[in-house]
Amino acid sequence: MSASAEHFPGVRTLRFEGPDPKDTLAFRHYDPDSSERVEGRTAREHLRFAACFWHTMRNGLGDPFGAPTALTPWDDGSESLDNAKRRVDAFFEFLTKCRIDFWCFHDRDIAPEGRTLAESERNLHAIVEHCAAHQRAGGAKLLWGTANLFSHPRYASGAATSPNARVFAHAAAQVKHALDATKALGGLGYVFWGGREGYTSLLNTDMPRERSHLARFLGMALDYAKAIDFRGRFYIEPKPKEPSTHQYDADAATCLNFLREFGLFGRVSFNIETNHATLAGHTMEHELTVAVAANSLGSIDANMGTPNLGWDTDQFPIDPSLCARVMLVVLGMGGFTTGGLNFDAKRRRESFEPIDLFHAHRAGMDAFARGLRAAAAIRADGTLAEFVRRHYRSWDDSLGRKIEAGEISLAECERLMRDEPSPTLESGRQEMLEDLILRFV
Ligand code: XUL
Ligand code: CO
């Protein structure tokens, strides 16, 4: 690790000041040093915040109509290894000052791509060593790594699902290197997000063949992880579209079907992202609930979108109500194990100063601390869980139990019900329950 200059001069390590802070950069709700426990863990142990290298260090904040705006005084704009190392230095300084315990990366975010895979691997290796030195010196730990299999023109028609077998092989080699890097950094997980693993037009696409190639690719990665004794957990990160018109990893239910179809169920779990859930026409709670029901929720990409825009705006999750609904599901599954809350989020183009990185992450961290507290209070209060239990109580009677156990036939149902008056329902009380949640947020 180079004895580097300070890249965020004038920014002090963020502190907790409570609800009425003097400093706009102080935590109001998240106290990383508090020993107070909810459901057996401190807020820090529950929330496991991560920042991502790609948006934090590599996103210039350009859009299709305008040039990048982000000010990055530590970055000389070159593809040199020295510049890459300086970005890493700035990133770890940011993580420490922002009190963020974990980080995530794509291979090509942290290290420049070379002319050959061998040269790219050498670059990656050099930067991984540099990151490892920061980690050893007390810096953040690696939540997960991944490979960028979507930016380079060779991946225009997909990577594992490319019509070209040599592109598949190139991508496989890239994943091998990315897995080596993730293992070297002690990564707790590895993500597959299928940006272009899908199609833009079915006219030129052999969908069944592409899906089987994707399964083969995952299987090869799992085999390699075993061979190198990489113990991290594999996650698929579902998303329905963008950049592809249709992605094969569209949503959690689609991915579960895919994993079961190809015998991969139980070996790969999910990294669920809020803005991807809403792009799929679901709520985040829906996606999380589907994943948890299959015992497959690993980690979360924490962000939010602007629903009326309809694309992946990757905004910081600053809505405590949303965070409470997310944390209700996370607490319901007993909390994270290898996963955490990765801010896969970028500042708006207008928030271009380095200090905005701190404002944005701080706001997201405080919103999740509020969400955690609210979710724990909702669970302690018990009204919601009791309502749901009572709503389904007929299933605990003898008829319900027999149906659930498969001990009653269609003909027997007919015999029992034919002369009974039509059953009546009880109210679902949706508005009362929505309001109940708000009481705790
Ligand atoms: C893209 C996205 C990715 C993945 C990692 O929408 O979320 O950044 O998180 O490849
Ligand atoms: Co993501």
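Let me begin with Leu-61, which sits in the loop between helix H2 (53-58) and H3, and please keep in mind throughout that what we are looking at is a predicted model. The phi angle of Leu-61 is near 70°, a positive value in a residue other than glycine, and with 4% relative accessibility this leucine counts as buried. As background, most residues other than glycine have a negative phi, and most peptide bonds are trans. A second residue belongs with Leu-61 here, namely Arg-48, whose phi is near 45°, again positive in a residue that is not glycine. Arg-48 is placed in the loop between H1 and strand E1 (49-52), and, at a relative accessible area of 15%, it is buried, because the cut-off for that word is under 20%.

The other backbone feature I would like to show is a cis peptide bond, which joins Glu-242 and Pro-243 with omega at about 10°. Pro-243 is found in the loop between E6 and strand E7 (246-247), and Ser-244 is likewise found in the loop between E6 and E7. Ser-244 is buried, with a relative accessible area of 6%, and its side chain reaches the backbone oxygen of Gly-195 at 3.1 Å.

Let me move on to the metal site. Which residues coordinate the cobalt ion, ligand 2? The donors come from Glu-237 (OE), Glu-273 (OE), Asp-301 (OD) and Asp-344 (OD), at 2.0 to 2.2 Å. The cobalt ion (ligand 2) has 6 donor atoms, with angles of 78 to 174° among them, and its site is octahedral. For reference, ideal angles at a metal are 90 or 180 degrees for six octahedral donors. Along the chain, the donors of the cobalt ion follow the spacing E-x35-E-x27-D-x42-D. Within that set, Glu-273 lies in strand E8 (residues 269-273), while Asp-344 lies in the loop between strand E10 (341-343) and helix H12 (354-381), so this pair ties together parts of the chain that are 71 residues apart in sequence. Both ends of the pair are buried, with a relative accessible area of 1% for Glu-273 and of 6% for Asp-344.

Ligand 1 comes next, and its surroundings include several of the residues just mentioned. The residues around ligand 1 are Trp-54, His-106, Trp-144, Trp-193, Glu-237, Lys-239, Glu-273, His-276, Asp-301, Asp-312 and Asp-344, and Glu-237, Glu-273, Asp-301 and Asp-344 in that list also coordinate the cobalt ion. Turning to individual polar contacts, a polar side-chain atom of Trp-54 lies 3.3 Å from an oxygen atom of ligand 1, and a polar side-chain atom of Lys-239 lies 3.0 Å from an oxygen atom of this ligand. His-276 contributes as well, with an N or O atom of its side chain 2.9 Å from an oxygen atom of ligand 1.

I will finish with the aromatic residues. How many aromatic pairs does the model contain? The count comes to 23. One of them is formed by Phe-8 and Phe-94, a tilted pair with 6.2 Å from centre to centre and 50° between the planes. This pair links distant parts of the chain, since Phe-8 lies in the segment before helix H1 (43-47) and Phe-94 in helix H3 (residues 81-98), 86 residues apart. Are Phe-8 and Phe-94 buried or exposed? Both are buried.

A further pair joins Tyr-190 and Phe-234, whose ring centres are 5.8 Å apart and whose planes stand at 55°, so that this pair, too, is tilted. Tyr-190 belongs to strand E4 (residues 189-192) and Phe-234 to strand E6 (residues 233-236), and the pair thereby links distant parts of the chain, 44 residues apart. Tyr-190 is buried, with a relative accessible area of 1%, and Phe-234, at 4% relative accessibility, counts as buried too. Tyr-190 and Phe-234 are also members of a cluster in which ring pairs link Phe-168, Tyr-190, Phe-192, Phe-217, Phe-230 and Phe-234.

Lastly, there are arginines placed over aromatic rings: Arg-154 lies over the face of Tyr-155, at 5.1 Å from the ring centre, and Arg-260 lies over the face of Phe-265, at 4.2 Å from the ring centre.

Technical notes:
Residues numbered from 1 in each chain as written. Chains lettered and ligands numbered in written order. Predicted model: local features only at pLDDT ≥ 70, side-chain atom pairs only at ≥ 80, totals over all residues. Heavy atoms only, no water. Donors = N, O, S within 2.8 Å, 3.2 Å for Na, K, Ca; no water. Tetrahedral: all angles 85-135°; square planar, octahedral: opposite > 155°, others 65-115°. Helix = DSSP H or I, 4+ residues; strand = E, 2+ residues; numbered from the N terminus. Buried < 20%, exposed > 50% of the residue type's maximum accessible area, 1.4 Å probe, protein only. Phe/Tyr/Trp six-rings, centres within 6.5 Å; stacked < 30°, edge-to-face > 60°. Lys NZ or Arg CZ within 6 Å of the ring centre and 35° of its normal. Near = heavy atom within 4 Å. Polar contact = N/O pair within 3.5 Å; in protein donor to acceptor, adjacent residues only side chain to side chain.
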